[in-house]
Amino acid sequence: MTAPRWIIHLPTALTSPDGARILAVALRDSLSHVTAIDFGETTLSEEDQQFLRTRVWCDARLDGAGRCRRRDDHDGPCGATDEDSPG
């Protein structure tokens, strides 16, 4: 049996989903060296509707190694770059 994973809920003062995505991208880019953080599983929710979550990244496995870094709702093929992310 594997140990359960813990989630850190990090409230912000942001008032738009695009602002929250931009912050998520900045956190991923600046903290990507921290292996304990699974940025591919990042979700967003409104403060009073935390049960309604929206995925930030696609996170599909890529051929070879790595995961898709594009937005969850991206068009076209998956990729290791996030050219369609805001910011």
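R28 is buried, with a relative accessibility of 5%; buried here means under 20% relative accessible area, exposed over 50%, and partly exposed in between, for a 1.4 Å probe and protein chains only. The structure is a predicted model, in which local features need pLDDT of at least 70 and side-chain atom pairs count only at pLDDT 80 or more, while totals for chains, interfaces and linings use all residues. Residues are numbered from 1 along each chain as its sequence is written, and side-chain values use heavy atoms, with hydrogens and water left out.

## R28 and the salt bridges

R28 lies in helix 1. Helices (H or I, at least four residues) and strands (E, at least two) are DSSP runs, numbered from the N terminus. Leaving aside residues up to four places away in sequence, R28 touches F39, W57, R69 and D82, where contact means heavy atoms within 4.5 Å.

R28 also takes part in a salt bridge with D29. A salt bridge is a side-chain nitrogen of Lys or Arg within 4 Å of a carboxyl oxygen of Asp or Glu. By this rule, the model has 8 salt bridges. Three of these pairs are set out below, with their distances from N to O.

| Salt bridge | Distance, N to O | Accessibility of the acid | Accessibility of the arginine |
|---|---|---|---|
| D29 and R28 | 3.4 Å | D29, 44% | R28, 5% |
| E41 and R55 | 3.4 Å | E41, 38% | R55, 27% |
| D59 and R67 | 3.9 Å | D59, 9% | R67, 34% |

D29 counts as partly exposed because its relative accessibility is 44%. In the pair formed by E41 and R55, distant parts of the chain are linked: E41 sits in the loop between helix 1 (17-31) and strand 1 (43-44), R55 belongs to strand 2 (residues 54-55), and the two are 14 residues apart. E41 is partly exposed at 38%, and R55 is partly exposed at 27%.

For the salt bridge between D59 and R67, D59 is buried at 9%, whereas R67 is partly exposed at 34%. Salt bridges with shared partners also join R28, D29 and R69 into one network.

## The nonpolar core

The largest nonpolar core consists of 7 residues, namely A20, A24, V25, F39, L44, V56 and W57. Such a core is a set of buried Ala, Val, Leu, Ile, Met, Phe, Trp, Tyr and Cys residues joined through side-chain atoms within 4.5 Å. Helix 1 gives the most to this core, with 3 residues. One of the core residues, F39, touches L27, R28, L31, S32 and W57, not counting residues up to four places away in sequence.

## The pockets

Rolling a probe the size of a water molecule over the atoms shows where empty space is left. On a 1 Å grid over the protein atoms alone, a pocket is an open set of points where a 1.4 Å probe fits, with protein on both sides within 12 Å along at least five of seven lines; lining residues have an atom within 4 Å of a point. Grid points are joined across faces, edges and corners, and a volume is the space filled by probe spheres set on the points.

The largest pocket holds about 1,400 Å³ of space. Its lining has 34 residues, and those nearest its centre are I8, L10, T42, T43 and L44. Helix 1 and strand 1 are the elements that give two or more residues to this lining. The largest share, 7 residues, comes from helix 1. By class, the lining of the largest pocket has 17 nonpolar, 10 polar and 7 charged residues. In this scheme Ala, Val, Leu, Ile, Met, Phe, Trp, Tyr, Cys and Pro count as nonpolar, Asp, Glu, Lys and Arg as charged, and the others, Gly among them, as polar.

The second largest pocket has a volume of about 260 Å³. It is lined by 13 residues, of which R28, F39, G40, D59 and R69 are the closest to its centre. This lining divides into 5 nonpolar, 3 polar and 5 charged residues.

## Two residues at the pockets

T43 lies in strand 1 and is partly exposed at 29%. Apart from residues up to four places away in sequence, T43 touches R53, T54, R55 and V56.

G40 is found in the loop between helix 1 and strand 1. G40 is buried, with a relative accessible area of 12%. Its contacts, on the rule that leaves out residues up to four places away in sequence, are R55, W57 and D59. G40 and I7 are 33 residues apart in sequence, and their C-alpha atoms are 13 Å apart in space.
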